[in-house]
Amino acid sequence: MSVRITEPDLRAAQRGDPSALSLVYGQLAPAVLGYLTAKGAADPEALTSEVFLSLFRRLPSVTGGVAGLRTLTFTIAHARVVDDARRAAREPDTVPYEPALDQRTGVSAEDIAVARFGRSRILDLLRALPRDQAEVLILRVLSDLSVSQTGQVMQRSPGAVKQLQRRALLSLRHALLSGAVTE
């Protein structure tokens, strides 16, 4: 069972306590990395670092307790994804890295298959959805945000978030039942 961030932990982090800051990072970084990866960030690990650099500078101004902390974290992450997409649109195309051609690696095929099977399936399902529906599922399910927090990140009303989530789940159900996506 993992340790959750509590209000006293948040207050300690706001004062700069290293162990509290480590707890905040340890609890939120995996969800932020998952969000950035699912959103297609070119370098999700680097963006995760940027999110926490910005978050830690803004910690003293966090309101709304732990829920406010999570909302601010994913608001920053969302802004970084938008910035990343804009930056990519301005930069010239580059040759993509092809791991199969890299002779320096020593990872086994089994490790690659195990690591990518779940991730690629989820990403395929999300890519099949309209962008807003996919984002709602990423924030609600993968990032574990509430309807209200998701609405704040996406700048949508809670009703709109619920409707997008409902439509996304119905679309996924239809895709799975129709055989459009194999299990």
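1. pLDDT is the predictor's confidence in each residue, on a scale from 0 to 100. This is a predicted model, so that score comes first. The mean pLDDT of the chain is 85. Of its residues, 85% reach 70 or more.

2. Confidence varies along the chain. Helix H3, residues 44-58, has the highest mean, at 96. Helix H5, residues 109-127, has the lowest, at 57. Over residues 108-114, pLDDT stays under 50. For that stretch the model has one contact beyond four places in sequence. Where pLDDT is low, the predicted coordinates should not be read in detail.

3. Next, the overall make-up. The chain has eight helices and zero strands. From the N terminus on, the order of elements is α-α-α-α-α-α-α-α. The chain holds 183 residues, and 36% of them are buried. Take the contacts with a separation of 6 or more: 59% of these join residues 24 or more positions apart.

4. Now the helix pairs. Two packed helices are described by the angle between their axes and the distance between the axes. Start with H2 and H3. Their axes lie 9 Å apart, at an angle of about 135°. That makes H2 oblique to H3, because only angles over 145 degrees count as roughly antiparallel. The crossing of H2 past H3 is right-handed.

5. Which residues make the contact between H2 and H3? From H2 come Leu21, Val24, Tyr25, Leu28, Ala29, Val32, Leu33, Leu36 and Thr37. From H3 come Pro44, Glu45, Leu47, Thr48, Val51, Phe52, Leu55 and Phe56. Sorted by class, the contact of H2 with H3 has 14 nonpolar, two polar and one charged residues.

6. H2 also packs on H6. Here H2 spans residues 18-38 and H6 spans residues 131-142. Their axes come within 10 Å and cross at roughly 160°. H2 is therefore roughly antiparallel to H6. This crossing of H2 and H6 is right-handed.

7. The residues that meet between H2 and H6 can be listed briefly. H2 offers Ala31, Tyr35 and Ala38. H6 offers Glu135, Ile138, Leu139 and Leu142. By class, the contact of H2 with H6 has six nonpolar, no polar and one charged residues.

8. Leu137 is also in helix H6. Is Leu137 buried or exposed? Its relative accessibility is 6%, so Leu137 counts as buried. Leaving out residues up to four places away in sequence, Leu137 touches Leu126, Leu129, Leu142, Gln165, Ala168, Leu169 and Leu172. Leu137 and Arg166 are 29 residues apart along the chain, and their C-alpha atoms are separated by 9.6 Å.

9. Thr71 sits in helix H4, residues 65-90. Thr71 counts as buried because its relative accessibility is 7%. Which residues does Thr71 touch, not counting those up to four places away in sequence? They are Gln149, Gln152 and Val153. Thr71 and Thr150 are 79 residues apart in sequence, yet 7.6 Å apart in space, C-alpha to C-alpha.

10. Gln14 belongs to helix H1, residues 7-14. With a relative accessible area of 24%, Gln14 is partly exposed. Beyond residues up to four places away in sequence, Gln14 touches Leu59, Pro60 and Val62. Between Gln14 and Leu59, 45 residues apart along the chain, the C-alpha separation is 5.3 Å.

11. One backbone angle deserves a look. Most residues other than glycine have a negative phi. Gln155 is not a glycine, but its phi is positive, at about 60°. Where is Gln155? Gln155 is in the loop between helix H7, residues 147-154, and helix H8, residues 158-178. Its relative accessible area is 74%, so Gln155 is exposed.

12. To recap for a first reading: the chain has eight helices and zero strands. H2 meets H3 at about 135° and crosses H6 at roughly 160°. Leu137 is buried and so is Thr71, while Gln155 is exposed. Confidence is lowest in helix H5.

Definitions and conventions
Residues are numbered from 1 along each chain as its sequence is written. This is a predicted model: local features need pLDDT of at least 70, side-chain atom pairs count only at pLDDT 80 or more; totals for chains, interfaces and linings use all residues. Side-chain values use heavy atoms; hydrogens and water are left out. Axes are lines fitted to C-alpha atoms, for helices over the stretch in contact, and angles run from 0 to 180 degrees between N-to-C directions. Helices (H or I, at least four residues) and strands (E, at least two) are DSSP runs, numbered from the N terminus. Angles under 35 degrees count as roughly parallel, over 145 as roughly antiparallel, 65 to 115 as roughly perpendicular and the rest as oblique. A crossing is left-handed if the near helix is turned anticlockwise from the far one by less than a right angle, and right-handed if clockwise. Contact means heavy atoms within 4.5 Å. Ala, Val, Leu, Ile, Met, Phe, Trp, Tyr, Cys and Pro count as nonpolar, Asp, Glu, Lys and Arg as charged, and the others, Gly among them, as polar. Buried means under 20% relative accessible area, exposed over 50%, partly exposed in between (1.4 Å probe, protein chains only).
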